[in-house]
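Visitor: I'd like a close look at a single part of this protein, please. Could you take me through one of its sheets and what lies around it?

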Amino acid sequence: MNLFNVYPLYDITPVKAVDCTIIDDKGVEYLDLYSGHGVISIGHTQPDYVAKLKNQIDNLGFYSNAIQNPLQVELAQKLGKLSGLEDYELFLCSSGAEANENALKLASFHNGKSRVVAFDNSFHGRTSAAVAVTDNKKIVAPINAQQVVTFLPLNQIELVEAELAKGDVTAVIIEGIQGVGGLDQGTTEFFQALEKACKKHDVVLILDEVQSGYGRSGKFFAFQHHGIDADIISVAKGMGNGFPVGAILISPKFEASFGLLGTTFGGSHLSCAAGIAAGIAVLDVIEKLDLQKNVNEVYAYFLEKIKEVDGIKQVKGKGLMLGVEFDFDVAALRKKLIIEKHIFTGSANNKNLLRILPPLTVKKADIDTFVKALKESLEELKN
């Protein structure tokens, strides 16, 4: 049997990783400025995280949600404290797509409506409803297209208000900062007006923080830059630092009932250990090393350092969720960075954009390494 060939693969085989460094089977070291789609939050093989997982698998890896699991309670309490959302409730699942599926389902249960408003260049996952609210027709199958979704441009609140006024919209789903779409984001004015419009028309506001959450933007959640509240927040990626875990954070306006939501693997003992380990480790770094300060300091340093590079159109994003945009397709540049300079970066729907999503432990020296390699690569491609 062969693998189903849906991924274009670089000829690199990682066998070891520590913090921001990946080592392949030939002993070559790579600087990881992409974190596997922004998944690695506290660094590869972070010792506290590894110890937590090893201890849990030695004792109990899995049982269903039909029994008591104190780890879930511990995770909810730590996440509430770290995010500042202690009055929210937590539903655990296994991925960002599953988190968004449950967010949309809960919204529809809540107000009895079904149409969703999403935004141009959005990405919310590849499962049924999540992919339907993703603005990429290439990955939306006919069975997904049965969902009724209206896509609107960011930062045009009058268009959103006109749709909500029709009375059939169950939810607005929006990324704190767009990831795959290319690092675009709503303005503070837009987010605040969006919150008001949703409240006025009994529409659930879902903030997709799957990639932009867990401290990556410089605050715990990217929407917190705008001084608003969300009804439901979806998280994953950095939550487990590489282990598949996701969740939705649910505001007090929603009432739970038995069977309303459910999952087999979400909230298992091992996935909770991963989530707790990441949460504890991030909390430890915030308290001992001031992780949030590091994110913001490295972000400021990046903005200054990148000015040394000619030909950049703009830098997009916040914190350590960044995009460097040029006026040409960056595929060859990205390949050169990976193969010749041994630096991982990411791509986006915007073909002119390099995505930079390093672990939150990245150092200024790593940014120096990247900028030097970027300047060299651009010069080499020019010649």
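**A close look at the seven-stranded sheet**

Guide: Let's begin inside the sheet, where strand β5 (residues 115-119) and strand β7 (residues 169-175) run parallel and are joined by three bridges. Here strands, E runs of at least two residues, and helices, H or I runs of at least four, come from DSSP and are numbered from the N terminus. Two strands count as paired if DSSP finds at least two bridges between them. In this pair, V116 stands opposite A171 of β7.

A word on the model: it is predicted, so local features need pLDDT of at least 70 and side-chain atom pairs count only at pLDDT 80 or more, while totals for chains, interfaces and linings use all residues. Residues are numbered from 1 along each chain as its sequence is written, and side-chain values use heavy atoms, with hydrogens and water left out.

Stepping back, β5 and β7 belong to an open sheet of seven strands in the order β4-β10-β9-β8-β7-β5-β6, and its pairing is mixed. The edges are β4 (89-93) and β6 (149-152); each has a single partner strand, so one side of each has no neighbour in the sheet. From one strand to the next, the twist averages 20°. Helix α7 (residues 188-200) packs on this sheet, touching β5, β7 and β8 (204-208), and its direction makes about 160° with that of β7. Contact here means heavy atoms within 4.5 Å. For the angles, axes are lines fitted to C-alpha atoms, for helices over the stretch in contact, and values run from 0 to 180 degrees between N-to-C directions.

Two cysteines deserve a look as well. C93 is buried, with a relative accessible area of 1%, and C198 is buried at 1% too. Buried means under 20% relative accessible area, exposed over 50%, and partly exposed in between, using a 1.4 Å probe and protein chains only. The whole structure has zero disulfides, a disulfide being a pair of cysteine sulfur atoms within 2.5 Å.

For another sheet to set beside this one, turn to the open sheet of three strands, ordered β11-β12-β14 with antiparallel pairing. Its edge strands are β11 (314-318) and β14 (353-356), each pairing on one side only. The twist there averages 15° from one strand to the next. Four bridges join β12 (residues 321-325) to β14, and these two run antiparallel. Within that pairing, V324 stands opposite L354 in β14.
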